Amino acid sequence: MTAYVGGAGSDRCLVRVCRDCCCGTESKHPGVDHDGLLARLEAAVAGHARVMRSGCLLACDESNVVVVTPSPSGRRAGGRPVWVRGVLDDAIVDAVAAWVVRGGPGIAETPGAVTEASFAPSGLATTWATV
């Protein structure tokens, strides 16, 4: 891992939050405060990452899905996008956010909670649309 120089400017992670057909919906995950979790994530990574709401990432069986894409520095250091499943409570949101603040993929060691929740996307999940 390389030394993290900061999250300012364009050298920031991108955090994609799936919000479309089932991720982030009351019908699939009743009782989950989806808007509150998204606001918590956005507030926690402010200045360290860009949070983007995406259309369906074609990983519905894993919902709620968040994809953490490395910063340019993280990519140069070997980081690759990390797909995280089951982002349905404060604990996993906080684990993702703390990791991103520390630099995310390629820069900071992946926390155990994020590693346990990570998965390989299907071959179909290669594109997204902003919602």
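What follows is a conversation about a predicted model, in which each term is set against its cut-off.

Biologist: Why is Ser63 called buried or exposed, whichever of the two applies?

Modeller: Ser63 has a relative accessibility of 7%, and buried means under 20%, so Ser63 counts as buried. Ser63 lies in the loop between strand E2 (49–54) and strand E3 (66–69).

Biologist: What makes the approach of Ser63 to Lys28 and to His29 a polar contact?

Modeller: A polar contact requires a suitable pair of N or O atoms within 3.5 Å. The side chains of Ser63 and His29 are joined at 2.8 Å, and those of Ser63 and Lys28 at 3.5 Å, so both pairs satisfy the cut-off of within 3.5 Å. Leaving aside neighbours within four places in sequence, the residues in contact with Ser63 also include Cys22, Cys23, Gly86 and Leu88.

Biologist: How do you know that strand E1 (residues 13–18) is mostly covered?

Modeller: Six of the six residues of E1 are buried, and buried means under 20% relative accessible area. In a regular strand the side chains alternate between the two faces of the sheet. In E1, Cys13, Val15 and Val17 are buried on one side, and Leu14, Arg16 and Cys18 are buried on the other, so that both faces are covered.

Biologist: What makes E1 and E2 a pair, and how do they run?

Modeller: Two strands pair if there are at least two bridges between them; six bridges join E1 to E2, and these strands run parallel, with Leu14 standing opposite Arg50 in E2. Likewise, E3 and strand E4 (residues 82–84) are joined by three bridges and run antiparallel, and the partner of Val66 in E4 is Val84.

Biologist: Why are E2 and strand E5 (118–119) called edge strands?

Modeller: The five strands form an open sheet with mixed pairing, in the order E2-E1-E3-E4-E5. E2 and E5 each pair on one side only, and they are the edge strands.

Biologist: What makes up the lining of the largest cavity, by class?

Modeller: The structure holds one cavity of 30 Å³ or more, and the volume of the largest cavity is about 60 Å³. Its lining consists of Val17, Arg19, Leu37, Leu38, Leu41, Asn64, Val66, Val87 and Val93. Val and Leu count as nonpolar, Arg as charged and Asn as polar, which gives seven nonpolar, one polar and one charged residues. Helix H1 (residues 34–45) contributes three residues, the largest share of this lining.

Note on methods. Residues are numbered from 1 along each chain as its sequence is written. This is a predicted model: local features need pLDDT of at least 70, side-chain atom pairs count only at pLDDT 80 or more; totals for chains, interfaces and linings use all residues. Side-chain values use heavy atoms; hydrogens and water are left out. On a 1 Å grid over the protein atoms alone, a cavity is a set of points where a 1.4 Å probe fits but cannot get out, and a pocket is an open set with protein on both sides within 12 Å along at least five of seven lines; lining residues have an atom within 4 Å of a point. Grid points are joined across faces, edges and corners, and a volume is the space filled by probe spheres set on the points. Helices (H or I, at least four residues) and strands (E, at least two) are DSSP runs, numbered from the N terminus. Buried means under 20% relative accessible area, exposed over 50%, partly exposed in between (1.4 Å probe, protein chains only). A polar contact is a pair of N or O atoms within 3.5 Å; within protein, one must be able to donate a hydrogen and the other to accept it, and residues adjacent in sequence count only if both atoms are side-chain atoms. Contact means heavy atoms within 4.5 Å.
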